[in-house]
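Please describe the side-chain contacts and the strand pairing of the structure shown below, with attention to where the partners lie along the chain.

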Amino acid sequence: VHAFAIHDDTIVLSVGDRLVVRERATGKRVTSWAAEASRELAVSPGGAIVTRSGPIVRVWDRERAAAWGTFANRIGVTFVDVQWSPDGTRLLTGNLLCDGHGGRVLAALDMNGPIGWMEGGPPRRCQRLVTGSVAELIPWRATVWDSKDGAICVSDQSRSGNVSDVVAFDP
């Protein structure tokens with residue numbers, strides 16, 4: 001298993017060169033289809049699945065077992081996990097903030113990448129997309145962007161995080 005995500009009463013897995021959807025309670029296979037191995041995947045509230053294999057992002061319709069959108073992360077930043085907003089209207093792929101329905105890029109966020117980092121690189125999972133905003137907490141600043149247009153709402157150098165910190169929001 002390369003990656004997995006839980007959605008309602010199912011679990012979605014990237015296993016070898018397949019995406020597999022199973023019932024959580026029984027483990028029974030609901031559906032599966034050929035898909036490039038992905039180390040990252042997320043499921044939208046509506047059930048759409050996003051996977052990333054290197055710089056390639058695919059959005060899958062699990063009812064048709066087909067990708068309805070495939071695009072390359074043109075910015076080339078791959079350190080941020082793919083994430084759906086809780087309401088499914090936004091998708092974060094690397095530092096690209098995208099429309100959650102059609103995949104259109106709304107903004108390239110100035111997130112801190114691995115360039116110039118020492119001693120293990122940037123903190124993992126220090127970025128989080130929620131309904132209305134995107135947050136990043138790194139050792140020298142906290143930044144919050146508006147998820148409608150990517151505008152910076154907060155850039156606070158007095159708040160910071162460490163390599164082992166994560167960003168989480170209480171729904």
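Three salt bridges are found when the whole structure is searched, and the model in which they occur is a predicted one. The table lists the partners of each salt bridge together with the distance between nitrogen and oxygen.

| Basic partner | Acidic partner | N to O distance |
|---|---|---|
| Arg-58 | Glu-36 | 3.6 Å |
| Arg-52 | Glu-40 | 2.8 Å |
| Arg-90 | Asp-99 | 3.8 Å |

In the salt bridge of Glu-36 with Arg-58, the acidic residue belongs to the loop between β4 and β5 (40-43) while Arg-58 belongs to strand β7, so the contact ties together parts of the chain that are 22 residues apart in sequence. Glu-36 has a relative accessible area of 46% and is therefore partly exposed, falling between the limits of 20% and 50%.

The salt bridge between Arg-52 and Glu-40, with its closest N and O atoms 2.8 Å apart, likewise links distant parts of the chain, since Arg-52 lies in strand β6 (residues 49-53) and Glu-40 in strand β5, twelve residues apart. Arg-52 counts as buried at 3% relative accessibility, and Glu-40 also counts as buried, at 16%.

In the salt bridge that joins the side chains of Arg-90 and Asp-99, Arg-90 is buried with a relative accessible area of 15%, and Asp-99 is buried with a value of 18%.

Turning to aromatic contacts, a search of the whole structure yields one pair. The ring centres of Trp-33 and Trp-60 are 5.9 Å apart and the ring planes stand at 45°, so the pair is classed as tilted, an angle of this kind lying neither under 30 degrees, as stacking requires, nor over 60, as an edge-to-face arrangement requires. This pair, too, connects distant parts of the chain, with Trp-33 in strand β4 (residues 29-34) and Trp-60 in strand β7 (residues 56-61), 27 residues apart. Both tryptophans, Trp-33 and Trp-60, are buried.

As for strand pairing, an open sheet is formed by four strands in the order β9-β10-β11-β12, with antiparallel pairing. The edges of this sheet are occupied by β9 (83-84) and β12 (105-108), each of which has a single partner strand, so that one side of each remains without a neighbour in the sheet. Strand β9 is joined to strand β10 (residues 90-93) by two bridges, and the two strands run antiparallel; here Trp-84 stands opposite Leu-91 in β10.

Conventions
Residues are numbered from 1 along each chain as its sequence is written. This is a predicted model: local features need pLDDT of at least 70, side-chain atom pairs count only at pLDDT 80 or more; totals for chains, interfaces and linings use all residues. Side-chain values use heavy atoms; hydrogens and water are left out. Rings of Phe, Tyr and Trp (its six-membered ring) pair if their centres lie within 6.5 Å; planes under 30 degrees apart count as stacked, over 60 as edge-to-face and the rest as tilted. Buried means under 20% relative accessible area, exposed over 50%, partly exposed in between (1.4 Å probe, protein chains only). Two strands pair if DSSP finds at least two bridges between them. A salt bridge is a side-chain nitrogen of Lys or Arg within 4 Å of a carboxyl oxygen of Asp or Glu.
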